[in-house]
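Visitor: I have a model open and would like to go through it by question and answer. Please keep to what can be read from the coordinates.

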Amino acid sequence: QNDTVDVIVPLATALPKNAGVRKYSTAGGWKAFSTDATDRVVSTTGSAGSCPASTATAWGNSLDEGDHCIRISITDGGENDTDGLANGVINFTGTIAGYEGINDDLVEGCSLSSQPKNLNEHGEWFILTAFIAWLGLTGYRKKQMAESFQD
């Protein structure tokens, strides 16, 4: 209870540029992994499928592009333990996110652009709405035609 555990994750592919770890909880959704004196996410070169021990001096101070190993340190009952209880069990669901223009404050949805647009600047919403309306109208007409043939 209240201990910090190190989880080492060997990666099949190298870390991308601007990599970050995001955590998920049913109560809070997706959020950035919180770092402090004990909870940290760091990486080292390693190789695909092979990483050094958690106590090795090879570990860096952050996530670096091109590294093949990450070490996630999580404290039981801490902010990154999604059950929130110091009960000897650590729950964590997360992912590595990394792309140009990553927004650490993003908690819902997705933006692959470093210059996000407002909803009213997206013409594709109009096209999608028109397509759904067309599908509904087509289905309604087919139903009306089927009912008229049965009479």
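**Loops, core and surface**

Guide: Asn 18 sits in the loop between strand 1 and strand 2 (20–25). The model is a predicted one.

Visitor: What is the phi of Asn 18, which is not a glycine?
Guide: Asn 18 is partly exposed, at 34% relative accessible area. Its phi is positive although the residue is not a glycine, with a value of about 60°.

Visitor: Which segment holds Asn 2, and is Asn 2 buried or exposed?
Guide: Asn 2 also has a positive phi, near 65°, and is a residue other than glycine. It lies in the segment before strand 1 (4–10). Exposed means over 50% relative accessible area. Asn 2 has 54%, so it counts as exposed.

Visitor: What pattern does the protein follow along the sequence?
Guide: The secondary structure consists of one helix and six strands. Read along the sequence, these elements give the pattern β-β-β-β-β-β-α.

Visitor: Which strand supplies the largest share of the largest nonpolar core?
Guide: The largest nonpolar core has 10 residues: Leu 11, Leu 15, Ala 19, Val 21, Phe 33, Val 41, Leu 63, Ile 70, Ile 72 and Ile 74. Three residues of this core come from one strand, and that is its largest share: strand 5 (residues 69–75).

Visitor: Which residues is Phe 33 in contact with, leaving aside neighbours within four places in sequence?
Guide: Phe 33 is a member of the largest nonpolar core. Among its contacts are Val 21, Val 41, Ile 72 and Ile 74, and these four names are also found in the core. The remaining contacts are Arg 22, Lys 23, Asp 39, Arg 40, Ser 73, Asn 80 and Phe 92.

Visitor: How many residues apart in sequence are the parts that the disulfide of Cys 51 and Cys 69 ties together?
Guide: The structure holds one disulfide. It joins Cys 51 to Cys 69, with an S to S distance of 2.1 Å, and the link is left-handed at -95° about the S-S bond. Cys 51 is in the loop between strand 4 (40–44) and strand 5, and Cys 69 is in strand 5, so the parts tied together are apart in sequence by 18 residues.

Visitor: Of Cys 51 and Cys 69, which is buried?
Guide: Buried means under 20% relative accessible area. Cys 51 has 25%, so it counts as partly exposed. The value of 0% belongs to the buried residue, Cys 69.

Visitor: How far is Ala 58 from Gly 46 in space, C-alpha to C-alpha?
Guide: Ala 58 is in the loop between strand 4 and strand 5 and is partly exposed at 44%. Not counting residues up to four places away in sequence, it touches Ser 43, Thr 44 and Pro 52. Ala 58 and Gly 46 are 12 residues apart in sequence, and their C-alpha to C-alpha distance is 8.8 Å.

Visitor: What is the area of the nonpolar surface patch that includes Phe 131?
Guide: Phe 131 is in helix 1 (residues 124–150) and counts as partly exposed at 45% relative accessibility. The patch is made by Leu 128, Phe 131, Ile 132, Trp 134 and Leu 135, and its area is about 510 Å².

Visitor: What share of the residues in the protein is buried?
Guide: The protein exposes about 10,200 Å², of which carbon and sulfur atoms supply 54%. Of its 151 residues, the buried share is 20%.

Methods: Residues are numbered from 1 along each chain as its sequence is written. This is a predicted model: local features need pLDDT of at least 70, side-chain atom pairs count only at pLDDT 80 or more; totals for chains, interfaces and linings use all residues. Side-chain values use heavy atoms; hydrogens and water are left out. A nonpolar core is a set of buried Ala, Val, Leu, Ile, Met, Phe, Trp, Tyr and Cys residues joined through side-chain atoms within 4.5 Å. Buried means under 20% relative accessible area, exposed over 50%, partly exposed in between (1.4 Å probe, protein chains only). Helices (H or I, at least four residues) and strands (E, at least two) are DSSP runs, numbered from the N terminus. Contact means heavy atoms within 4.5 Å. A disulfide is a pair of cysteine sulfur atoms within 2.5 Å. Patches are made of residues with over 30% relative accessible area and no salt bridge: like charges are joined within 9 Å, nonpolar side chains (Val, Leu, Ile, Met, Phe, Trp, Tyr) within 5 Å. Accessible areas come from the Shrake-Rupley method with a 1.4 Å probe; for residues, only the protein chains shown count as cover. A salt bridge is a side-chain nitrogen of Lys or Arg within 4 Å of a carboxyl oxygen of Asp or Glu.
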